[in-house]
Amino acid sequence: MSDSNYSRRKFLTQALLASAAVAAPGFLFAKGQPIPRFAAGEKVNLACIGIGNRGGEIIRELYNTGLANIVALCDVDMEAPHTLPILKMFPNVPRFKDFRQMFDKMGNQIEAVSVGTPDFSHFPITMMAIGLGKHVYVEKPMARTFNEVELMMKAAKKNRKVVTQMGNQGHSEANYFQYKAWVDAGIIKDVTAIPAHMNSPRRWHGWNPKITAFPPAETPPSTLDWNIWQMQTQGHEFNKDFVNGQWRCWFDFGMGALGDWGAHILDTSHQFLDLGLPYEVDPVKLEGHNNFFYPMSTTLSFKFPKRGSMPPLEIKWYDGIDNLPPIPAGYGVQGLDPNIPPPSNGAATTAKLNPGKIIYGKDLTFKGGSHGSTLSIIPEEKAKAMASSLPVVPPSPSNHFANFLKACKGEEKTRSSFDIAGPLSQVFCLGVLAQWTGEKIVFDRKKKIITSSKNANELLIGPPPRQGWEQYYKV
């Protein structure tokens, strides 16, 4: 056995043991600090990790609630062009490139953190924050690997006073409350199939899928600390197509269209239909498949078993420019919805169908969009006939950002806490493994292992972390 294989096997064993541990607190949690109590009207002291691009948008939303004091800013590419707007908003707030140094120097002043960084880097930042007793708002999906999400859920469960929220903001808007009301009233029932579609162009659609190696090494910008950017990952030299949103394209760094949009399209179905984890994920179509970045078009079949009185259900995920689900009769026109932001691909493009889903119940069919967009009963004649009998949908008491900060203060409970968002994120992790390996995934929902492939099962955990990052895998 080679040294590299031995270290991989050793890490897999240790990671599995860590994931299963439920007894004594891990080393990170020995540092935990008591959660402060808030007086009426008092603001939450918030440190923001990732301040450009989407991270900057999160900071503005949190700050605009009037419930947060911004006490620290952290970004590995501090003073790069995309970070300057936030720096101008908060010119006197302390700045850091390394989140670990930020916690070391300012930990006592920080009560909560926002994490608006690439998918792969959510994990170590969140694990350290929870270990220090800090409330965490983290962008979706929670993490890049199944096991990292599992450890994040275990960390949150162990430190119950810590408030967690994943950033699928539609979970605090109209669709969330409508979906719940319609399930409770029996309007949405006996669902057996949900095609979900994301038809917009993605960043990698202009690339060559016959790629045989990562792009060549380039010199990082002077503002960027490439070493810290990589976090726990290893083996990559800088290239401009790894940073500033381009990370989403690569299996090693991001979660593709599924991880990006799945949490905005399937979140309410997953929660209110009690889906949990699938027992099978089948890559029905992988056009332009390669070992490095996501396919040009993907169709994935997720199969969920019977749950109580609810029948078995299949979700079919469609992404790619020319990869649409069958459209039922009476679907009508899906107009542009102001609740759905444009895809973050840097270009204004027109899709054939807006991101969304079709929900097939026993007696009714629904069409829906993404984020906070509400469902419609189709065909329109059926919707009109039922209009007077539909339940009243309560308004949201707070948007997603205010919900998090109010929860930090003990005034609300978060609507996308890790116990809810974690299994949803793990569904996407399994989907990505089917995309990456090209294999049908057979999954044991109780043991949380893949039984169909040893290689795919090892990818639930992924490669060993870089030296110096191992501690975040201990709970």
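## Internal cavity

The largest cavity has a volume of about 50 Å³. The model is predicted. The structure holds 1 cavity of 30 Å³ or more. The lining is made by L266, H270, L275, F302, F304, I315, L424, V427 and F428. By class, 8 of these residues are nonpolar, 1 is polar and none is charged.

Which elements supply at least two residues each to this lining? They are β9 (297-304) and α13 (418-437). Helix α13 gives the most, with 3 residues.

## Largest pocket

Rolling a probe the size of a water molecule over the atoms shows where empty space is left. The largest pocket has a volume of about 970 Å³. Its lining takes in 46 residues. Nearest the centre lie G52, N53, R54, G55 and R248. The class split of the lining is 17 nonpolar, 16 polar and 13 charged residues.

Four elements are listed as giving two or more residues to the lining: α2 (54-64), α5, α8 (226-229) and α9 (256-265). Helix α2 gives the most, with 4 residues. R54 and G55, both named among the residues nearest the pocket centre, fall within the 54-64 span of α2.

## Helix α2 against α12

Two packed helices are described by the angle between their axes and the distance between the axes. Helix α2 also packs on helix α12 (residues 400-408). The angle is about 65°, and the axes are 9 Å apart. The crossing is right-handed.

From α2, the contact uses R54, I58, E61 and L62. From α12, F401, F404 and L405 take part. By class, this contact has 5 nonpolar, no polar and 2 charged residues. R54 thus appears in two settings: in the contact with α12, and among the residues nearest the centre of the largest pocket.

## Helix α4 against α5

Helix α4 (residues 99-106) packs with helix α5 (residues 122-131) at an angle of about 15°. Their axes are 10 Å apart. The angle is under 35 degrees, so α4 is roughly parallel to α5. The crossing of the pair is right-handed.

Helix α4 brings F99, R100 and F103 to the contact. Helix α5 brings P124, I125, M128 and A129. The contact has 6 nonpolar, no polar and 1 charged residues. Helix α5 is also one of the elements with two or more residues in the lining of the largest pocket.

## Helix α6 against α13

Helices α6 and α13 come within 9 Å, axis to axis, and cross at roughly 175°. Are they roughly parallel or roughly antiparallel? The angle is over 145 degrees, so α6 and α13 are roughly antiparallel to each other.

On the α6 side, F146, V149, E150, M152, M153 and A156 form the contact. On the α13 side, the residues are F418, G422, P423, S425, Q426, C429 and L430. By class, the contact divides into 9 nonpolar, 3 polar and 1 charged. Helix α13 therefore has two roles in this report: it meets α6, and it gives the most to the lining of the largest cavity.## Backbone exceptions

Most residues other than glycine have a negative phi, and most peptide bonds are trans. Where does this model depart from trans? The peptide bond from K140 to P141 is cis, with omega near -15°. P141 sits in the loop between β5 (135-138) and α6 (146-158). I378 and P379 are also joined by a cis peptide bond, with omega about 0°. The loop that holds P379 runs between β13 (376-378) and α11 (380-386).

M231 has a phi near 50°, a positive value in a residue other than glycine. M231 is found in the loop between α8 and α9. Both of these helices are among the elements that give two or more residues to the lining of the largest pocket.

Definitions and conventions. Residues numbered from 1 in each chain as written. Predicted model: local features only at pLDDT ≥ 70, side-chain atom pairs only at ≥ 80, totals over all residues. Heavy atoms only, no water. Axes fitted to C-alpha atoms, helices over the stretch in contact; angles between N-to-C directions. Parallel < 35°, antiparallel > 145°, perpendicular 65-115°, else oblique. Left-handed = near helix turned anticlockwise from the far one by under 90°. Contact = heavy atoms within 4.5 Å. Nonpolar A, V, L, I, M, F, W, Y, C, P; charged D, E, K, R; others polar. 1 Å grid on protein atoms, 1.4 Å probe; cavity = no way out; pocket = protein on both sides within 12 Å on 5 of 7 lines; lining within 4 Å. Points joined across faces, edges and corners; volume = space filled by probe spheres on them.
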